[in-house]
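Colleague: I would like to learn how to read this model feature by feature. Please give the general idea each time, then the case at hand.

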Amino acid sequence: MIPESLNLRIDTTRFVMILGVVLVHCNLLPYIDNGVASPVTACVIELFSSKLPEMCVPFFFFISAYLLQTKHPVLLRAGYVGLIRKRARTILLAYLLWNTITVLLRTAVNLSPLGRYASGGHDFESVAGWLLDVYWVPELIPLWFLRNLMGFILIAPLLQQILRRSPAFLLLMTYLVEIYTSIGGILYYASGMVATYLCTPRRFEYRIGRMWALAPLYCLFSVWMVIFPWEASLEPVYPLIKIMGFLGFMSICSCPFPLSVRLGSPGAIFFVYAVHGIISPYVLKGLVMLSPWDGEAWLVVYMLSFVIVTGLSYVAYLCCCRWTPCLSALLTGNRSAVRRIPDTDMPGN
């Protein structure tokens, strides 16, 4: 149902967006005192770790809903039950496993001699409270995407009913939920459903291909927001700017490039999405303690942290695939190690 050219566009955009998520979690600004970094350095780090990548996770919600709605335009009871069972294996199980690994690893680090350099961990009060803190918060912060995505899939039949009656009302309702509640991502998920409902895949690809100008426009907005921070009264406009941003980047990611072809498999993307959140705090703290950085050197540290975190994440994936293939399958929800039609339930879709 989806043209191969659109699949390639989605794959390439997914790879770019995953790199954006890594940039977010390599943010060094909390470690930088105002007196030891130049204003330009602070602005550049804020731009690439905060403003520009803020469209990345919204893209994941959008494209996940788009692909799911394309495959299941009407969820009847039997299809819904089968979908939930499959997503429990590919989303929920991986979510629980990664959070458990994160808890065990961070506990081991805190109990080791390295604990004097690390911080964090939950205060144990009760089993129920601990489980809620670890698996709902979640412990591995980037996986809030999977938690919310699973929730949206559970209410997918309801969203489809609203969509069939009024796509505009669905967008308005989810926009208000996105702005005034803590249920993040639902507007972008609904936008993906609406895009499927209004356009065939070929028509969607045609329209996306004509939206390239939105990418530089989004970049200009991001730079402007770094130099002139928005007032709180303008925050309701920001979700619309994020949508503009990922549509623009999806437009310019029309052809795969060598790096995305080699490193953009579904299994690799999912693994890197999870594991970078575990190692990034330790990489950042290690680099910060390595030397008394000053001025523009912080910019070098920021770029170095991105390269190290991304490289270690991919190396961990390759090692896991080679030496523990069964564990790799569990941690990636049995996603393929080769490129294929994108999954509808993975971060990056």
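Modeller: We will take the cysteines, two helices, the core, a cis peptide and some polar side chains in turn. The model is predicted, so local features need pLDDT of at least 70 and side-chain atom pairs count only at pLDDT 80 or more, while totals for chains, interfaces and linings use all residues. Residues are numbered from 1 along each chain as its sequence is written, and side-chain values use heavy atoms, with hydrogens and water left out.

Colleague: How many disulfides does the count give?

Modeller: A disulfide is a covalent bond between the sulfur atoms of two cysteines. The criterion here is a pair of cysteine sulfur atoms within 2.5 Å. By that rule there are zero disulfides.

Colleague: Why is cysteine 43 not bonded to cysteine 219?

Modeller: The closest cysteine sulfur to that of cysteine 43 belongs to cysteine 219 and is 16 Å away, which is too far for a bond. For cysteine 219 the closest cysteine sulfur is in cysteine 56, at 11 Å, again too far for a bond. Accessibility has three classes: buried is under 20% relative accessible area, exposed is over 50%, and partly exposed lies in between (1.4 Å probe, protein chains only). Cysteine 43, at 33%, is partly exposed, and cysteine 219, at 26%, is partly exposed.

Colleague: Cysteine 219 falls within the residue range of H11. How is the length of such a helix checked?

Modeller: Helices (H or I, at least four residues) and strands (E, at least two) are DSSP runs, numbered from the N terminus. The expected span of a helix is 1.5 Å times one less than its number of residues. Helix H11 covers residues 214–227, so its 14 residues should span 20 Å, and its end C-alpha atoms are 20 Å apart, in agreement.

Colleague: Which residues of H11 are buried?

Modeller: An α-helix has 3.6 residues a turn, so residues three or four places apart point the same way. In H11 the buried residues are Ala215, Tyr218, Ser222, Met225 and Val226. Seen down the axis of H11, they fall within an arc of 105° and therefore line one face of the helix; the arc is that of the directions from the helix axis to the C-beta atoms. Leu220 and Ile227 are exposed on the other side of H11. The buried residues of H11 pack against helix H2 (39–51) and helix H12 (238–252), where contact means heavy atoms within 4.5 Å.

Colleague: What about H7, and what covers its buried residues?

Modeller: In helix H7, Ala156, Leu159, Gln160, Ile162 and Leu163 are buried. Their arc around the axis is only 165°, so they sit on the same side of H7. Their cover includes helix H3 (56–71), H6, helix H8 (167–180) and helix H9 (186–198). Leucine 158 is also in H7, residues 156–165, but is partly exposed at 49% relative accessible area.

Colleague: Which residues have the most contacts inside the largest nonpolar core?

Modeller: In soluble globular proteins, nonpolar side chains tend to be buried together. A nonpolar core is a set of buried Ala, Val, Leu, Ile, Met, Phe, Trp, Tyr and Cys residues joined through side-chain atoms within 4.5 Å. The largest one here has 94 residues, and Phe60, Trp98, Tyr189, Phe204 and Phe246 have the most contacts inside it. Helix H14 (residues 266–290) gives the largest share of this core, 14 residues. Leaving out residues up to four places away in sequence, tyrosine 189 touches residues including Phe61, Leu149 and Leu159.

Colleague: Where is the cis peptide bond?

Modeller: A cis peptide bond joins valine 137 and proline 138, with omega about -10°. Proline 138 is in the loop between helix H5 (127–136) and helix H6 (144–154).

Colleague: Asparagine 99 touches Pro138. Is asparagine 99 buried or exposed?

Modeller: Asparagine 99, in helix H4, is buried, with a relative accessible area of 0%. A polar atom of its side chain lies 3.3 Å from the backbone nitrogen of glutamate 139. Threonine 102 lies in H4 as well, residues 77–111, and is buried at 0%. Beyond residues up to four places away in sequence, threonine 102 touches Glu139, Leu140 and Ile278.

Technical notes
Polar contact = N/O pair within 3.5 Å; in protein donor to acceptor, adjacent residues only side chain to side chain.
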